[in-house]
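User: I'd like to go through the labels on this one and ask what backs each of them. Can you start with the metal sites?
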Amino acid sequence: MQSIADFAEQLAREAGDLIRHERENSPLRTGYKDQTELVTHADLMADKLITEAIHSRFPAHRILSEESRPDKSQAADLDSPLWIIDPIDGTVNYAYGHPQVAISIAYAERGNVQVGVVHAPFASETFRAVRGKRATLNGEPIHHSGATVPRDSLFATGFPYTKDKLAPLLKRLDVMIHHCRDLRRVGSAALDICWVACGRLDAYYESVSPWDFAAGRLIALEAGASAGHFTEVPEGYPEDLWGQDILISAPGIYDSVRGLLKGAN
Ligand code: IPD
Ligand code: CA
Ligand code: CA
């Protein structure tokens, strides 16, 4: 698995150099998918770079990638290895010149994520984990915050681009903000999760797509954090790839935060 991880890291770094170069040197070209979701020319370029390199090295592997191969039904198909890619997580940040932007690459076998790399090119930070081998940030071991009380905890979450199903999310937010220290809206789910992994945040919850969280979730678990869901995962679906109502936090607050979120449903 280390050579898969090395390859994933190399691709994430190359894509990181590309998107940084594009933001610094080319006018931003943007469009929309599904009417509301921003996509930049750099998302498409990074997606192409990563998916073509994986396909040429591992032609028998499947690829789930946000821009070029977004068929999420692949996550439940366990037949052959699956790569799960978000070429830019934090596209809105990218377009607004914010630094919280990441390339996320995960590698799974039979629905179990084995390798995760999240590379933040503007911060020059690379989070990485291989299952069972601990998590690192720029090569140094990382660990969750050790938080024990929700009231002293900093949490992150996010909101979908569509505005039609916000009411239950605002109800959850209301409960969380009343019971925790404060909220950070980082704008990249992959980084939210890696920040839980390295103790910059105590908890993160949201409903997201596999490419947003697959790599980060392994990194958080390998940093000793707890990860799960506050609603049921459908029977037989790989938990590592089910993005509905995920919660990732320091272990000492996991049960109490899960209780808060369940109670707000
Ligand atoms: C988004 C970010 C954001 C989360 C959204 C995602 P994108 O990904 O991770 O933090 O709240 O749900 O869609 O669109 O920047 O790749
Ligand atoms: Ca994303
Ligand atoms: Ca994206």
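Analyst: Sure. Donors are N, O and S atoms within 2.8 Å of the metal (3.2 Å for Na, K and Ca), and sites may look incomplete because water is not among the atoms. The model is predicted, so local features need pLDDT of at least 70, side-chain atom pairs count only at pLDDT 80 or more, and totals for chains, interfaces and linings use all residues. Residues are numbered from 1 along each chain as its sequence is written, chains are lettered from A and ligands numbered from 1 in the order written, and side-chain values use heavy atoms, with hydrogens and water left out.

User: What makes Asp86, Asp89 and Asp212 donors of the calcium ion (ligand 2)?

Analyst: Their OD atoms sit at 2.0 to 2.2 Å from the calcium ion (ligand 2). The cut-off for Ca is 3.2 Å, so they count as donors. Their spacing in sequence is D-x2-D-x122-D.

User: And which protein atoms are donors of the calcium ion (ligand 3)?

Analyst: Glu66 (OE), Asp86 (OD) and Ile88 (O), at 2.2 to 2.3 Å. The pattern there reads E-x19-D-x1-I.

User: Why is Asp86 called a bridge?

Analyst: Asp86 coordinates both calcium ions, ligand 2 and ligand 3, which are 3.6 Å apart. The pair also links distant parts of the chain: Asp86 is in strand β4 and Asp212 in helix α6 (residues 210-222), 126 residues apart. Helices (H or I, at least four residues) and strands (E, at least two) are DSSP runs, numbered from the N terminus.

User: How do you know where domain 1 and domain 2 begin and end?

Analyst: Domain bounds come from an automatic or database domain assignment, which gives 2-141 for domain 1 and 150-263 for domain 2. Contact (heavy atoms within 4.5 Å) takes 44 residues from domain 1 and 28 from domain 2.

User: What does "buried" mean for the area between domain 1 and domain 2?

Analyst: It's the accessible area (1.4 Å probe) that two parts lose on being put together, summed over both. Here that comes to about 2,800 Å², 67% of it on carbon and sulfur atoms. Asp89, Gln100 and Phe127 supply 18% of what domain 1 buries against domain 2, more than any other three residues.

User: Why is the pairing of Arg200 and Glu125 called a salt bridge?

Analyst: The term needs a side-chain nitrogen of Lys or Arg within 4 Å of a carboxyl oxygen of Asp or Glu. Arg200 and Glu125 are at 2.8 Å, N to O, so the pair qualifies. Between domain 1 and domain 2 the count is two salt bridges.
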